[in-house]
Amino acid sequence: MHLVGERVILLTRSGAWRHDLRAASNPQADQRGRLQIRLVPEQEWYLLAATGRFSDGSLDSKIETHRADRVWVEVLQPVTRDVSTLM
């Protein structure tokens, strides 16, 4: 599964949802065999792509690692209209 660069939503431990994140890695197993994904804030993702560094000048300070079962890939669907409802 290729997730790098995909927009994702994170379910935090407190039960809140965090939006505007990008996957910085594909799912990878940790030492216990649990899948994890590295995430970065979306604004930082674009800054890294444009300049090669995060806003603080580092290469990795903005990367967070989270359990894959708490990460949802955001999929945008085109709006479709049922023509029969327009008549």
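Which residue forms a salt bridge with E42, and how far apart are the closest N and O atoms? In this predicted model, the partner is R22, and the closest N and O atoms of the pair are 2.6 Å apart. R22 lies in strand β2 and E42 in helix α1, so the salt bridge links distant parts of the chain, 20 residues apart.

The overall architecture is as follows. The protein contains one helix and six strands, and the order of these elements along the sequence is β-β-β-β-α-β-β. Of the 87 residues, 25% are buried. Among contacts between residues at least 6 apart in sequence, 39% join residues at least 24 apart.Strand pairing is centred here on β4, which spans residues 35-41. Strands β2 and β4 run antiparallel and are joined by three bridges; within this pairing, A23 stands opposite L39 of β4. Strand β3, residues 28-29, is also antiparallel to β4, with two bridges between them. Q28 has Q36 of β4 as its bridge partner. The hairpin formed by β3 and β4 has five residues between the strands, and G33 in this hairpin adopts a positive phi near 90 degrees. Strand β5, residues 64-67, pairs with β4 in the antiparallel sense over four bridges. In β5, T65 is the residue opposite R38.

The largest nonpolar core comprises nine residues, namely L3, V8, L10, L21, A23, I37, L39, A68 and V71. At least two residues of this core come from each of β1 (7-11), β2 (17-23) and β4 (35-41). The core residue A23 is thus listed together with L39, and these two residues also stand opposite each other in the pairing of β2 with β4. For L10, the contacts beyond four places in sequence are with A16, W17, R18, L21, L39, H66, R70 and V71. Among these contacts, L21, L39 and V71 are also members of the core.

W45 is located in helix α1, which covers residues 42-51. The C-alpha atoms of W45 and L21 are 8.2 Å apart, with a separation of 24 residues in sequence. When neighbours within four places in sequence are set aside, W45 is in contact with V4, G5, R22, A23, A24 and V40. One of these contacts, A23, belongs to the nonpolar core, and another, R22, takes part in the salt bridge with E42.

Charged side chains form a further set of links. Side chains of opposite charge can pair when their charged atoms come close. The count of salt bridges comes to seven. One of them is formed by the side chains of D20 and R7, with an N to O distance of 2.4 Å. D20 lies in strand β2 and R7 in strand β1, so this pair ties together parts that are 13 residues apart in sequence. Both residues are partly exposed: D20 has a relative accessible area of 40%, and R7 has a relative accessible area of 27%.

R7 also forms a salt bridge with E42, in which the closest N and O atoms are 3.3 Å apart. Because E42 lies in helix α1 and R7 in strand β1, the pair ties together parts that are 35 residues apart in sequence. E42 is buried, with a relative accessible area of 11%. R22, its partner in the 2.6 Å salt bridge, likewise counts as buried, at 14% relative accessibility. These interactions belong to a network of salt bridges that links R7, D20, R22, E42 and E74.

E44, also placed in helix α1, presents another case. E44 is buried yet has no salt bridge, and the nearest side chain of opposite charge, that of K62, is 4.3 Å away. With the cut-off for a salt bridge set at 4 Å, the pair is not counted. The side chain of E44 is instead joined to that of S55 by a polar contact of 2.6 Å. Not counting residues up to four places away in sequence, E44 touches F54, S55 and K62.

How values were computed. Residues numbered from 1 in each chain as written. Predicted model: local features only at pLDDT ≥ 70, side-chain atom pairs only at ≥ 80, totals over all residues. Heavy atoms only, no water. Core = buried A, V, L, I, M, F, W, Y, C linked by side-chain atoms within 4.5 Å. Buried < 20%, exposed > 50% of the residue type's maximum accessible area, 1.4 Å probe, protein only. Contact = heavy atoms within 4.5 Å. Pairing = 2+ DSSP bridges. Lys, Arg positive; Asp, Glu negative; His and termini not counted. Polar contact = N/O pair within 3.5 Å; in protein donor to acceptor, adjacent residues only side chain to side chain.
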